[in-house]
Amino acid sequence: MILAVDVQYRDKKSYVAGVSFNDWKASEPLSEFMTVSKILNEYVPGEFYKRELPCILELLNEHSIEADTLIIDGFVFLDGHSKAGLGKHLFEALNSNTKVIGVAKNRFQGISENYAVYRGESKKAIYVTAIGIDLESAKKNIEMMHGEFRIPKLLKRADQLCRERASASSA
């Protein structure tokens with residue numbers, strides 16, 4: 001199983017969504033998961049993982065999710081290959097048993113064009129980093145995901161789920 005996850009923050013709470021699917025070309029999720037919890041750590045520049053990692057782990061634990069591959073909104077490596085980002089910390093927290101692919105909407109300093117993926121007719125890239133799977137395979141998997149736009153449909157769905165829940169909670 002593949003699981004795309006995203007996290008949204010609002011009113012001292014984190015809203016974590018997961019969208020599962022079995023095929024990289026899937027147009028609809030198998031299941032959708034949601035976890036809401038208190039924010040455990042404030043954002044610290046350069047240490048984003050300390051805020052986001054507990055949220056993702058809580059989602060996995062609360063719903064007893066065991067995925068072969070996790071897709072996160074962010075970077076596995078901040079420089080593409082050695083400086084640990086959220087994805088590397090997640091990989092280690094899962095005992096290095098789950099492939100992690102990071103998909104970032106914006107380029108981080110130190111990330112070269114080698115990590116860029118252009119989907120559809122978009123002139124703007126998304127940036128893919130990975131661990132437990134080689135970079136070229138990770139990039140091809142993200143490229144083939146369903147959707148004609150820059151952001152694959154099921155990644156966008158994870159983002160929408162947590163945003164909708166956060167908005168509904170503060171209304």
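In this short talk I will go through the strands, the charged pairs, the aromatic rings and the cysteines of one predicted model.

Before the details, a word on how to read the values: because this is a predicted model, local features need pLDDT of at least 70 and side-chain atom pairs count only at pLDDT 80 or more, while totals for chains, interfaces and linings use all residues. Residues are numbered from 1 along each chain as its sequence is written, and side-chain values use heavy atoms, with hydrogens and water left out.

Let me begin with the strands. Helices (H or I, at least four residues) and strands (E, at least two) are DSSP runs, numbered from the N terminus, and two strands pair if DSSP finds at least two bridges between them. Strand β1 covers residues 2-10, and eight of its nine residues are buried, where buried means under 20% relative accessible area, exposed means over 50%, and partly exposed is in between, with a 1.4 Å probe and protein chains only.

Which strands does β1 pair with? With strand β2, residues 13-21, β1 forms nine bridges in the antiparallel sense, and one bridge partnership there is that of Arg 10 with Lys 13 in β2. The hairpin of β1 and β2 has two residues between the strands, and in this hairpin Asp 11 takes a positive phi near 50°. With β4, β1 runs parallel, and three bridges join the two; in this part of the model, Leu 3 stands opposite Leu 70 in β4.

Now to the charged side chains. A salt bridge is a side-chain nitrogen of Lys or Arg within 4 Å of a carboxyl oxygen of Asp or Glu, and a search of the whole structure finds eight of them. I will describe some of these, beginning with Glu 32 and Arg 157, whose side chains meet at 2.8 Å, N to O. That pair links distant parts of the chain, since Glu 32 is in strand β3 (residues 31-38) and Arg 157 is in helix α4 (residues 153-170), 125 residues apart. How accessible are the two partners? Glu 32 is partly exposed, with a relative accessible area of 37%, and Arg 157 also counts as partly exposed, at 23%.

Another salt bridge joins the side chains of Asp 73 and Lys 105, at 3.2 Å from N to O. Asp 73 lies in strand β4 (residues 69-73) and Lys 105 in the loop between β5 (99-104) and β6 (116-117), so this pair ties together parts that are 32 residues apart in sequence. Asp 73 is partly exposed at 26%, and Lys 105 is partly exposed at 32%.

A further salt bridge has Glu 113 and Arg 107 as its partners, at 3.0 Å from N to O. Glu 113 is partly exposed, at 40% relative accessibility, and Arg 107 is partly exposed, at 47%. Some salt bridges share partners, and in this way Glu 32, Arg 157 and Glu 164 are joined into one network.

Next come the aromatic rings. Rings of Phe, Tyr and Trp (its six-membered ring) pair if their centres lie within 6.5 Å, and planes under 30 degrees apart count as stacked, over 60 as edge-to-face and the rest as tilted. The structure holds two such pairs. In one of them, Phe 21 and Trp 24 are edge-to-face, with 6.1 Å from centre to centre and 80° between the planes; Phe 21 is buried at 0%, and Trp 24 is buried at 15%. For Phe 75 and Phe 108, the centres are 5.9 Å apart and the planes are at 55°, so the pair is tilted. Phe 75 lies in the loop between β4 and α2 (86-93) and Phe 108 in the loop between β5 and β6, so the pair ties together parts that are 33 residues apart in sequence. Is each ring buried or partly exposed? Phe 75 is buried, at 9%, whereas Phe 108 is partly exposed, at 36%.

Finally, the cysteines. A disulfide is a pair of cysteine sulfur atoms within 2.5 Å, and a search of the whole structure finds zero disulfides. Why does Cys 55 form no bond? The closest cysteine sulfur, in Cys 162, is 10 Å from the sulfur of Cys 55, which is too far for a bond. Cys 55 is buried, with a relative accessible area of 4%, and Cys 162 is buried as well, at 0%.
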